[in-house]
Amino acid sequence: MALATLPSPPPQLLSSKSINIQNAPSFDHHSRILFSLKQCTDMSQLKQIHAQTLRSTSPYHPKTLFLYSQILHFSSFLDFNYALQLFNQIENPNSFMWNTLIRACAHNVNKKEQAIRLYLEMLDKALIFPDKHTFPFVLKGCAYLFALSEGKQVHAHALKHGFGSDVYVNNSLIHFYASCGCLNLAEKVFVKMSERSLVSWNVLIEGFVQFGKFNYALNLFREMRNTFDPDGYTLQSVVGACAGLGALSLGAWAHAYLLKKCDFDFSSDVLVNNSLVDMYCKCGSLGLAQQVFDGMPKPDLTSWNHLILGFAMHGQAEAAIGCFDKMIRTESFRPNSITFVGVLCACNHKGMVSEGRLYFDMMITDYKIKPVLEHYGCLVDLLARAGFIDEALDLVSMMPMRPDAVIWRSLLDACSKKNGSVELSEELARQVVESDGDIGSGVYVLLSRVYASACRWDDVGLVRKLMTDKGVTKEPGCSSIEIDGVAHELVAGDTSHPQTKEIYQMLNVIDEN
């Protein structure tokens with residue numbers, strides 16, 4: 001093992017002021033340096049320890065390599081470049097040293113790619129093989145970068161080296177595939193596992209939630225409860241799934257479970273409480289959302305955003321704007337882009353045109369936030385619904401990005417309701433078609449309404465014939481209801497639901513009354 005001094009001040013023996021080595025137990029010299037290392041708190045002290053190690057130990061002593069591995073370990077947290085210099089001067093580093101550097105890269109947002117490069121260098125140059133600790137660190141980097149091809153190769157290497165049944169490695173594989181959106185491959189790894197931990201279930205459930213597979217996530221959660229009790233991570237994912245489905249009773253059960261079973265005061269857990277606020281808002285239970293929010297010792301900006309968006313979604317514009325005013329004036333939070341989406345959405349739902357213009361200008365002028373498509377969409381829809389179609393069109397023409405089909409549809413919808421000109425409506429319909437190649441029935445229905453308003457019945461007939469010729473049918477209305485924790489989706493005219501007979505019997509009773 002060849003070791004050289006890194007560019008640093010001349011080596012000096014450690015003083016008792018820097019590290020309390022004099023109070024170390026009566027060990028051999030290597031053990032005393034290791035004791036000093038465990039007391040180390042900054043790079044200045046670490047460099048002194050490194051200097052003393054270079055000065056007072058033999059590079060050929062069997063304990064010296066362990067000392068350097070520990071110095072590398074500590075420096076990887078404090079100064080990665082220093083750790084890399086040290087690593088490059090160690091001849092034949094062991095797997096722990098390689099893993100230390102790969103882990104440091106995997107945990108650093110700006111060095112994920114370097115984790116993969118180090119792993120490839122390890123395979124190419126090293127005389128040792130990756131172990132069960134190597135693969136999770138590399139897969140973490142692959143997951144962050146959505147590097148599907150590289151991650152699949154790492155998966156193959158793990159199988160080749162005999163780690164196909166390792167729980168830790170398999171959990172990392174599930175997380176990697178789920179992060180890349182390959183839920184079928186994540187589930188395949190999960191199903192093949194001979195032994196699973198709670199983490200295995202949590203990672204797959206979270207993957208389903210992240211990609212909107214809420215029913216899959218909840219079914220997996222019900223299956224998991226036969227083997228494991230859920231922890232905070234599980235319930236945070238379950239609450240997210242309940243928010244996506246509007247499953248209030250199951251979400252409230254998860255909340256009650258947290259209150260009853262968790263052995264910590266989760267009122268200070270901002271992430272869990274934010275997920276509860278979001279869930280109650282999306283389920284329409286704004287009172288409970290406010291109650292959770294009020295119970296948080298230190299709500300963050302995300303907490304405020306959830307509450308503002310919740311009030312806005314359910315038409316409580318005054319409450320949303322009141323919440324916004326309190327956030328910036330009383331609590332001195334600085335709003336972000338998401339905050340203004342909520343505020344503009346509130347103005348849109350209530351038809352508050354003057355306020356919408358005011359907050360849009362405030363976002364740009366006072367807070368220097370660059371508007372994105374969602375902000376423009378809210379204001380365009382607000383103006384168009386209120387009959388200010390020309391102003392909405394002027395705003396669209398000034399947008400720095402290309403309007404999407406949603407914006408064009410909102411303008412077309414306003415024209416159909418506000419007796420806009422036929423020529424303008426036809427142009428807007430063309431823009432919808434160009435923006436969204438796979439158009440549904442909506443644009444045809446809106447255009448036929450415009451023709452009907454102008455008493456151009458022949459054109460109405462032509463639009464309907466065009467729909468028939470293209471095989472376009474009007475999408476049926478859809479609603480969902482949650483009963484006993486299960487979300488039931490009901491579609492107009494559908495008879496596939498297992499309780500269709502009972503549903504229609506009840507509808508007949510309602511009609512008769």
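1. Let's start with the cysteines: this predicted model has zero disulfides. If you were eyeing Cys345 and Cys378 as a pair, their sulfurs sit 5.3 Å apart, and each is the closest cysteine sulfur to the other. A disulfide here needs the two sulfurs within 2.5 Å, so 5.3 Å is too far for a bond.

2. Are those two cysteines buried or exposed? Cys345 is buried, with a relative accessible area of 19%. Note that the cut-off for buried is under 20%. Cys378 is buried too, at 13%.

3. Now the pockets. The largest one holds about 980 Å³ of space, and 32 residues line it. If you want to find its centre on screen, look for His175, Asn202, Val203, Glu206 and Tyr233, which lie nearest to it.

4. Which helices build that lining? At least two residues each come from H7 (134-145), H9 (167-179), H11 (198-210), H13 (232-245), H15 (270-282) and H17 (301-313). H11 gives the largest share, with seven residues. By residue type, the lining splits into 13 nonpolar, 15 polar and four charged.

5. The second largest pocket has a volume of about 230 Å³. Its lining counts 13 residues, and His155, Leu159, Lys188, Val189 and Lys192 are the ones nearest the centre. Helices H8 (148-160), H9 and H10 (183-192) each put in at least two residues, with H10 supplying the largest share, four. Here the split is six nonpolar, five polar and two charged.

6. One helix to keep in view is H9: it supplies at least two lining residues to the largest pocket and at least two to the second largest.

Definitions and conventions: Residues numbered from 1 in each chain as written. Predicted model: local features only at pLDDT ≥ 70, side-chain atom pairs only at ≥ 80, totals over all residues. Heavy atoms only, no water. Buried < 20%, exposed > 50% of the residue type's maximum accessible area, 1.4 Å probe, protein only. 1 Å grid on protein atoms, 1.4 Å probe; cavity = no way out; pocket = protein on both sides within 12 Å on 5 of 7 lines; lining within 4 Å. Points joined across faces, edges and corners; volume = space filled by probe spheres on them. Nonpolar A, V, L, I, M, F, W, Y, C, P; charged D, E, K, R; others polar.
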